[in-house]
Amino acid sequence: MPTRELRLTNRRGLHARAATKLVQCCHPFQARVSVRHGDREADAANIMSLLMLAAPCGTPLTIVTEGEEAESAMEAVVALFEARFHEDE
């Protein structure tokens with residue numbers, strides 16, 4: 001079960017558009033992706049649960065993937081975070 005800590009570096013943090021991009025990023029994979037912020041956990045397939053994390057810019061999030069394509073899903077999530085959710089282009 002791959003686990004990584006990633007920091008939100010896009011200006012607005014995990015707002016509606018970024019949460020939507022994360023859901024879309026994870027959707028093609030046969031994997032469950034969880035996002036943890038402190039003692040809260042969200043399913044990356046659920047936009048509302050991601051928004052409930054209330055994670056602003058600079059927040060470290062723990063990403064956990066499990067399932068058949070867990071490694072590929074993690075790579076895609078890492079790439080999305082590194083691209084700052086394609087918001088600063």
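**Notebook: core, helix packing and two unusual residues**

I began with the largest nonpolar core, which has 26 residues, and I noted that those with the most contacts inside it are L14, L22, L50, I63 and V77. I then looked up which elements give two or more residues to this core, and I found α1 (16–26), β2 (32–37), β4 (60–66) and α3 (70–82). The largest share, 7 residues, comes from α3. I keep in mind that this is a predicted model. As background I wrote down that nonpolar side chains tend to be buried together in soluble globular proteins.

Next I chose L50, one of the core residues with the most contacts, and asked which residues L50 is in contact with, leaving aside its neighbours within four places in sequence. The list I took down is L14, A19, L22, V23, V35, A42, D43 and A44.

My next entry is on a pair of helices. Two packed helices are described by the angle between their axes and the distance between the axes. For α1 and α3, I noted an angle of about 150 degrees, with the axes 9 Å apart. Angles over 145 degrees count as roughly antiparallel, and therefore I recorded α1 as roughly antiparallel to α3. The crossing in which α1 passes α3 is right-handed. I also looked up which residues make the contact, and they are K21, L22, C25 and C26 on the α1 side, with A76, V77 and L80 on the α3 side. Sorted by class, the contact of α1 with α3 has 6 nonpolar residues, no polar ones and 1 charged one.

I then turned to the backbone, remembering that most residues other than glycine have a negative phi. A54 is not a glycine, and yet I found for A54 a positive phi of about 50 degrees. I located A54 in the loop between α2 (47–51) and β4. R84, which is also a residue other than glycine, has a positive phi near 55 degrees, and I placed R84 in the segment after α3. Is R84 buried, partly exposed or exposed? The relative accessible area of R84 is 33%, so I entered R84 as partly exposed.

My last entry is on E82, which I found in helix α3. With a relative accessible area of 62%, E82 is exposed. I also looked up how E82 lies relative to T9, and although the two are 73 residues apart along the chain, their C-alpha atoms are separated by 8.2 Å.

Conventions:
Residues are numbered from 1 along each chain as its sequence is written. This is a predicted model: local features need pLDDT of at least 70, side-chain atom pairs count only at pLDDT 80 or more; totals for chains, interfaces and linings use all residues. Side-chain values use heavy atoms; hydrogens and water are left out. A nonpolar core is a set of buried Ala, Val, Leu, Ile, Met, Phe, Trp, Tyr and Cys residues joined through side-chain atoms within 4.5 Å. Buried means under 20% relative accessible area, exposed over 50%, partly exposed in between (1.4 Å probe, protein chains only). Helices (H or I, at least four residues) and strands (E, at least two) are DSSP runs, numbered from the N terminus. Contact means heavy atoms within 4.5 Å. Axes are lines fitted to C-alpha atoms, for helices over the stretch in contact, and angles run from 0 to 180 degrees between N-to-C directions. Angles under 35 degrees count as roughly parallel, over 145 as roughly antiparallel, 65 to 115 as roughly perpendicular and the rest as oblique. A crossing is left-handed if the near helix is turned anticlockwise from the far one by less than a right angle, and right-handed if clockwise. Ala, Val, Leu, Ile, Met, Phe, Trp, Tyr, Cys and Pro count as nonpolar, Asp, Glu, Lys and Arg as charged, and the others, Gly among them, as polar.
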